Amino acid sequence: MKYTQIKKLYDYIFKSYDKPSLEKHIEKIIEMDKFLPYSSTFFCITNTQELAFEYISKNFKACLGLDADELKAKGMRYFWSRIHPDDIESWLSALNSLMEFTLHEIPLEKRQDASYTWNFRFKNAQDVYVNIVQNTTPLVFDSENKPIIGLAHYTVLHPDVSLQITASAKLLNANNEYETIYFNSFSQKLLHDGITNRERDVIRLLILNKSSKEISEQLNISSHTVDTHRRNILKKLNISSTGELIGMLKLHPNLL
């Protein structure tokens, strides 16, 4: 029943009669993949219109031990079947909320500048549920400007890492910097609702070892405002230092 719900959700959001050309996108991705080192990340070109994977990078098997040819043949239904049963409902709610937010809150002309992140537990070839953080950027849109082809980047984390299921949307601002415009948690919250989207952007840049001056330049706000955000963040989370904040958030990267 739940997998039927997932398919209906995709059908509702991405229904289109267009058949966009994928050749130029796939060629670029394949060329880049040849030179990337093996790591704990892999990426795919997803086709949400056909519920298929158009391309799967070489790191897929190294990360999960699974057969890329089988994934490509069976498509998204097979991928969904390996998500932890306890995560399906929360993951589906996260996906639904992201797409509803996109359709109602992001203008048509800005959707090509959006990036989406969510997470779930996934069963690898050893039947161990590892954590996956997925970031998807739309590549191709249909005639109604709905995303149908995307570049999905997956980071595989150790199963012992405890992650909350969350979803976020970011949009390129005037400074060509991704800015959080939506965030929600679909299980017990770590960063509670009192943390604003602007404060999340400050946290994300702090983890990248940016100074207050560098953060102010990237977010187009004053250094004084950045310092105020930093003080408010520490107070809201009841922690004493930026170092403690960074240590906590590095254990929960999907919350950004």
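Helices α6 and α8 sit roughly perpendicular to each other. In this predicted model, their axes come within 10 Å and cross at roughly 95°, and any angle from 65 to 115 degrees falls in the perpendicular class. The two helices span residues 197–207 (α6) and residues 223–237 (α8). On the α6 side, the contact is built from Arg 198, Glu 199, Val 202, Ile 203 and Leu 206. On the α8 side, His 229, Arg 230, Asn 232, Ile 233 and Lys 236 take part. It's a mixed bag chemically: four nonpolar, two polar and four charged residues.

Helix α6 also meets α7 (residues 212–219), again with axes that come within 10 Å, and here the crossing is at roughly 130°. That angle makes α6 oblique to α7. As for handedness, α6 passes α7 in a right-handed crossing. The residues involved are Arg 198, Asp 201, Val 202, Leu 205 and Leu 206 from α6, met by Ile 215, Gln 218 and Leu 219 from α7. This contact breaks down into five nonpolar residues, one polar and two charged. Arg 198, Val 202 and Leu 206 turn up in the contact with α8 and in the contact with α7 as well.

Now for the aromatic rings. Searching the whole structure turns up nine aromatic pairs. One of them joins Phe 42 and Phe 60, with ring centres 5.2 Å apart and planes at 80°, so this pair is edge-to-face; the cut-off for that label is an angle over 60 degrees. Phe 42 belongs to strand β1 (residues 41–47) and Phe 60 to helix α3 (residues 59–64), so the pair ties together parts that are 18 residues apart in sequence. Both partners are tucked away from solvent: Phe 42 counts as buried at 1% relative accessibility, and Phe 60 is buried with a relative accessible area of 1%.

A second pair brings together Phe 43 and Tyr 55. Their ring centres are 6.5 Å apart and their planes stand at 40°, so the pair is tilted. Phe 43 is in strand β1 and Tyr 55 in strand β2 (residues 52–56), which puts the partners 12 residues apart and links distant parts of the chain. Phe 43 is buried, at a relative accessible area of 6%. Tyr 55 is buried too, with a value of 14%, given that the label applies under 20% relative accessible area.

The ring pairs also add up to something beyond single couples. They link Phe 42, Phe 53, Phe 60, Phe 79, Trp 91, Phe 120, Phe 122 and Tyr 154 into a cluster. Both members of the edge-to-face pair described above, Phe 42 and Phe 60, are among the residues of that cluster.

Helix α3 also holds Asn 59, which is buried, with a relative accessible area of 5%. The C-alpha atoms of Asn 59 and Phe 43 are separated by 7.8 Å, although these residues are 16 apart along the chain.

Zooming out, the protein chain carries nine helices and seven strands. Of its 256 residues, 50% are buried. As for how the chain contacts itself, consider the contacts between residues at least 6 apart in sequence: 57% of these join residues at least 24 apart.

Note on methods:
Residues numbered from 1 in each chain as written. Predicted model: local features only at pLDDT ≥ 70, side-chain atom pairs only at ≥ 80, totals over all residues. Heavy atoms only, no water. Axes fitted to C-alpha atoms, helices over the stretch in contact; angles between N-to-C directions. Helix = DSSP H or I, 4+ residues; strand = E, 2+ residues; numbered from the N terminus. Parallel < 35°, antiparallel > 145°, perpendicular 65-115°, else oblique. Contact = heavy atoms within 4.5 Å. Nonpolar A, V, L, I, M, F, W, Y, C, P; charged D, E, K, R; others polar. Left-handed = near helix turned anticlockwise from the far one by under 90°. Phe/Tyr/Trp six-rings, centres within 6.5 Å; stacked < 30°, edge-to-face > 60°. Buried < 20%, exposed > 50% of the residue type's maximum accessible area, 1.4 Å probe, protein only.
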